[in-house]
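Subject: Structure handover

Hello,

Here is the structure you asked about. My notes follow it, starting with a helix and moving on to the sheets and the contact between the chains.

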Protein chains: 2
Amino acid sequence: MSKFDISTANLLSACDARKAIDEGLLSSQELVEACFARIDALEDSIGAWTHLDKELAIQQAREADESRRRGLRVGALHGLPIGIKDIIDTQDYPTELGTVLHQGRKPSKDATLVSLLKEAGAIIMGKTVTTELAVFSPGKTTNPHNNAHTPGGSSSGSAAAVASAMVPLSVGTQTNGSVIRPASFCGIYGFKPSFGRISRHGVLRQSPPLDTAGVFARGLEDLALIADVVMRYDAQDDAMLPIAPPCISSVMAEPVPTNPVFAFVRTPAWDKAEQVTKDGFRELIEAVNESKAKTIDIFDLPAQFDNIYEDHRKVMEADLARNFAEEYTRGKAELSDVLCSMIERGQKVTDEKYNASVATIADYADCLDEIFELYDAILTPATPGPAPKGLQATGDPVMNTIWTFCGTPALNLPILQNEDGLPFGVQLVGEKDDDARLFRTARWLLDSLNDL
Amino acid sequence: MSKFDISTANLLSACDARKAIDEGLLSSQELVEACFARIDALEDSIGAWTHLDKELAIQQAREADESRRRGLRVGALHGLPIGIKDIIDTQDYPTELGTVLHQGRKPSKDATLVSLLKEAGAIIMGKTVTTELAVFSPGKTTNPHNNAHTPGGSSSGSAAAVASAMVPLSVGTQTNGSVIRPASFCGIYGFKPSFGRISRHGVLRQSPPLDTAGVFARGLEDLALIADVVMRYDAQDDAMLPIAPPCISSVMAEPVPTNPVFAFVRTPAWDKAEQVTKDGFRELIEAVNESKAKTIDIFDLPAQFDNIYEDHRKVMEADLARNFAEEYTRGKAELSDVLCSMIERGQKVTDEKYNASVATIADYADCLDEIFELYDAILTPATPGPAPKGLQATGDPVMNTIWTFCGTPALNLPILQNEDGLPFGVQLVGEKDDDARLFRTARWLLDSLNDL
């Protein structure tokens with residue numbers, strides 16, 4: 001590990017900070033204080049947090065340091081600061097779901113994923129800004145690369161806090177594009193695991209067939225570190241199956257058995273991709289294909305995928321109508337127009353139509369299985385382009401819908417940027433329930449690009 | 001690993017069976033079928049089970065074998081059959097709590113500890129006999145070493161099933177002596193962890209300051225294997241703290257830093273120890289002390305420990321009155337006299353007295369801390385002697401009360417027997433929350449005895 005200045009310990013990767021703490025070069029308290037110094041400096045312009053409690057966080061860090069001094073066994077995230085999206089229940093902080101209708105809401109228990117983070121020794125720094133009920137209407141957060149641009153949503157604060165080095169790690173959720181999109185716009189790594197691999201017990205229910213928790217970090221190893229902690233079976237979440245945890249960090253460190261091959265999938269949304277995205281992908285694919293044996297093919301999805309956006313919309317909106325019925329009845333006036341419209345459309349989706357659209361998930365997923373018989377991973381844009389200007393909207397999730405609907409694992413690799421220096425990502429999609437291989441493939445791809 | 005006959009695979013240790021499955025020498029289905037053959041042969045005389053579902057268990061085993069064939073990641077207990085005490089909720093089997101008052105009770109969710117076992121790949125074979133509401137009144141189970149003797153309770157079926165090689169592993173609970181006592185009487189290894197280290201979410205609530213889940217196996221490595229799976233933080237259990245899992249298996253494999261020293265603690269209950277127990281301990285201590293540098297001292301507990309049985313009784317009985325009020329009101333006639341008497345005494349314990357007794361837990365535990373400043377572990381009887389004759393009672397938990405009340409981890413080492421060949425145990429007690437060191441110390445002690 002290279003030397004570092006303790007006052008800028010917030011810039012360390014999670015893995016490096018963990019190592020420095022292990023070796024006694026850094027205390028958790030010093031790390032937390034460095035993160036708070038960064039937050040103090042930038043929060044006014046970035047607005048990543050809804051709830052912070054410096055005293056509580058430092059208290060947790062002191063206890064972590066004390067455990068280490070006493071020689072107690074420490075977990076994978078021992079002493080590492082983390083931000084939690086404000087739709088995920090925490091017993092130490094309010095969880096207000098991004099709407100005044102839940103102002104002051106204080107859960108009595110941690111969500112399962114928070115309890116796993118705590119068991120692993122993470123320091124919960126506070127709650128990060130979400131859009132209204134994790135749908136579209138933005139919170140106060142701005143893009144750390146340019147405050148006039150959106151950070152993306154709905155996990156706006158979690159992405160911006162990691163991108164601006166306020167914390168090394170954070171947690172978000174995705175029902176359409178809410179992890180991969182803000183990761184792309186903020187220029188960081190984001191991971192939406194296979195559907196059903198992170199517990200949603202204690203997480204706002206938006207659409208049960210779609211809701212997926214995910215994680216953010218500034219490097220792939222960091223993403224694996226936190227993913228291994230939270231990807232545990234929980235009987236409280238009906239969508240989960242009792243299968244062994246994926247051990248991403250160790251699989252990722254293994255050499256690939258053979259050079260992976262990629263399907264470049266433009267998706268029916270390709271006409272929404274900006275020119276800078278099209279150029280970026282062309283250069284990326286040429287570069288990889290020139291340097292290696294042919295490893296990237298263009299693969300076009302069957303025509304039926306044209307309908308997937310409509311199926312996703314029906315499922316999501318019908319579920320919004322169902323799950324936010326209380327909010328709609330009690331406080332429609334306090335809800336955004338965009339959410340009210342979605343709820344009202346959702347109210348009109350019959351059970352028959354809802355069930356029919358849910359049933360298509362398996363059909364679309366079967367089509368993807370055919371791709372994964374031939375290819376290790378799919379390359380596709382993470383967003384149509386870099387973060388759009390303006391803070392009134394969070395950008396288009398159209399590049400994420402297919403992968404959320406099919407429940408395939410997806411990574412944002414923050415390797416592209418436009419001429420103004422605004423970042424945007426390459427999305428790497430893997431076979432469902434083989435999250436660890438997706439990381440290993442991503443590692444190979446990044447190494448290959450570095451070798452060019 | 002030595003060769004084995006697949007038809008007697010039920011005799012393998014959990015670790016050996018796991019290894020054989022890993023190496024493709026044995027399938028989970030073959031193992032489950034061997035266990036069922038053993039159950040078919042012995043269940044009529046031993047009566048360890050309340051619910052069995054051969055078809056479901058074999059189906060689970062087939063799925064486990066299929067996962068392995070497909071190269072999926074497998075957990076620490078992949079394909080291993082396990083028995084679950086019938087006060088621990090399972091969604092696949094009824095959970096009837098040992099009383100007709102709950103006949104047909106069918107939980108909708110697995111207890112957290114069951115979900116952890118499933119995640120690790122264990123095959124849930126069925127539910128094992130508990131005494132009535134996990135208190136004293138026995139079920140149908142007999143002692144596998146002599147059917148005229150009690151197996152101990154309340155985790156009677158879990159201990160008997162492992163002792164008779166129907167399954168390699170099982171789970172029980174202890175509120176007074178319900179893990180260590182049946183382990184001692186049945187001649188197997190038993191482990192009651194530190195208080196608050198296995199989730200009780202989904203486990204019958206008897207006395208919250210005392211209830212502790214525990215595990216059974218026929219060897220110490222097997223006990224460590226399952227303990228590492230179930231000792232995970234769960235925010236659903238208020239008694240738990242988010243600390244890192246102990247990693248017992250790996251710590252146990254480390255050499256001891258220095259030869260451990262033991263306190264032989266006779267406890268105020270020593271006059272209840274049978275002569276065979278007193279003789280056994282004298283020989284054990286002489287043998288160890290002669291072979292090694294002096295490693296065992298006699299240590300007498302301070303006089304205040306004379307009161308601990310009464311404090312424990314007040315807490316437990318008051319909690320029985322509270323937590324079984326519904327059963328008592330609805331079906332007193334169906335409850336045993338012994339339980340009714342306990343409930344009625346418990347009803348008379350005032351809140352003031354209850355709180356005062358609960359408050360003594362910390363005082364007693366502080367006294368034990370002084371022992372653990374000088375000694376690595378406490379040696380003490382697991383039971384007054386071998387299993388008493390008769391099936392109307394489950395034996396005296398008096399040797400277990402102190403360690404349950406103080407929340408210290410305790411192991412039964414099945415290394416003694418009387419002249420009729422009936423086994424009984426040495427109880428090894430460690431410092432609270434250092435469960436892994438207790439196992440390492442136990443490993444050292446067993447190795448030392450083998451070297452004699």
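To begin with one helix of chain B: the buried residues of α9(B) are B:T277, B:G280 and B:F281. They lie on the same side of α9(B), because the arc they cover around the axis is only 95°. B:Q275, B:R282, B:E283, B:E286 and B:E290 are on the other side of α9(B), and these are exposed. Please keep in mind throughout that this is a predicted model.

Helix α9 of chain B takes in residues 275-291, 17 residues in total. From its first C-alpha to its last it reaches 24 Å, close to the 24 Å expected at 1.5 Å a residue. The cover over the buried residues of α9(B) includes three strands of chain B: β9 (377-381), β10 (410-417) and β11 (423-429).

The sheet of chain B

Those strands belong to an open sheet of eleven strands in chain B, with mixed pairing and the order β1-β3-β2-β4-β6-β5-β10-β11-β9-β7-β8. At the edges stand β1 (49-52) and β8 (296-299) of chain B; each has a single partner strand, so one side of each has no neighbour in the sheet. From one strand to the next, the twist averages 30°. Helix α5 of chain B (residues 156-163) packs on this sheet and touches β1, β2 (81-85), β3 (123-128), β4 (169-174) and β6 (212-217) of chain B. The direction of α5 makes about 150° with that of β4(B).

Some pairings can be followed across the sheet. β10(B) and β11(B) are antiparallel and pair over six bridges, with B:L411 opposite B:L428 in β11(B). B:L411 of β10(B) also has B:F191 standing opposite, where β5(B) and β10(B) pair in the antiparallel sense over three bridges. β5(B) pairs with β6(B) too, antiparallel and over three bridges; there B:G190 stands opposite B:F216 in β6(B).

Which residues of β5 (residues 189-192) of chain B are buried on each of the two faces? B:Y189 and B:F191 are buried on one side, and B:G190 and B:K192 on the other, so to speak a strand with both faces covered.

B:Q174

One polar side chain may be worth a look in the viewer. B:Q174 is placed in strand β4 of chain B. Why is B:Q174 classed as buried? There are 28 other C-beta atoms within 10 Å of B:Q174, and the cut-off for buried is 20 or more. Leaving out neighbours within four places in sequence, B:Q174 is in contact with B:V179, B:I180, B:K192, B:T212, B:G214 and B:T404. B:K192 in that list is one of the buried residues of β5(B). B:F191, also in β5(B), is 17 residues from B:Q174 in sequence, and the two are 9.9 Å apart in space, C-alpha to C-alpha.

Chain A

In chain A, eleven strands form an open sheet with mixed pairing, in the order β1-β3-β2-β4-β6-β5-β10-β11-β9-β7-β8. The edge strands of chain A are β1 (49-52) and β8 (296-299), each of which pairs on one side only. The average twist is 30° from one strand to the next. Strands β2 (residues 81-85) and β3 (residues 123-128) of chain A run parallel and are joined by five bridges, and A:I82 stands opposite A:I124 in β3(A).

Two helices that pack on this sheet can be named. Helix α3 of chain A (residues 54-69) touches β1, β2 and β3 of chain A, and its direction makes about 155° with that of β3(A). α7(A) touches β4 (169-174), β5 (189-192) and β6 (212-217) of chain A, at about 145° to the direction of β6(A).

Helix α15 of chain A (residues 435-451) has 17 residues, which should span 24 Å at 1.5 Å a residue; the end C-alpha atoms are 25 Å apart, in agreement. The buried residues of α15(A) are A:D435, A:A436, A:R437, A:L438, A:F439, A:R440, A:T441, A:A442 and A:L445. Their cover includes α7 (220-230), α8 (248-253), β9 (377-381), β10 (410-417) and β11 (423-429) of chain A.

Between the chains

How many residues of each chain are in contact with the other? For chain B there are 20, in contact with 19 of chain A. The side of chain B that touches chain A has nine nonpolar, four polar and seven charged residues.

Regards

Note on methods:
Residues are numbered from 1 along each chain as its sequence is written. Chains are lettered from A and ligands numbered from 1 in the order in which they are written. This is a predicted model: local features need pLDDT of at least 70, side-chain atom pairs count only at pLDDT 80 or more; totals for chains, interfaces and linings use all residues. Two residues are in contact if their C-beta atoms, placed from the backbone, lie within 7 Å. Ala, Val, Leu, Ile, Met, Phe, Trp, Tyr, Cys and Pro count as nonpolar, Asp, Glu, Lys and Arg as charged, and the others, Gly among them, as polar. Helices (H or I, at least four residues) and strands (E, at least two) are DSSP runs, numbered from the N terminus. The expected span of a helix is 1.5 Å times one less than its number of residues. A residue is buried if 20 or more other C-beta atoms lie within 10 Å of its own, exposed if 12 or fewer, and partly exposed in between; C-beta atoms are placed from the backbone. The arc is that of the directions from the helix axis to the C-beta atoms. Two strands pair if DSSP finds at least two bridges between them. Axes are lines fitted to C-alpha atoms, for helices over the stretch in contact, and angles run from 0 to 180 degrees between N-to-C directions.
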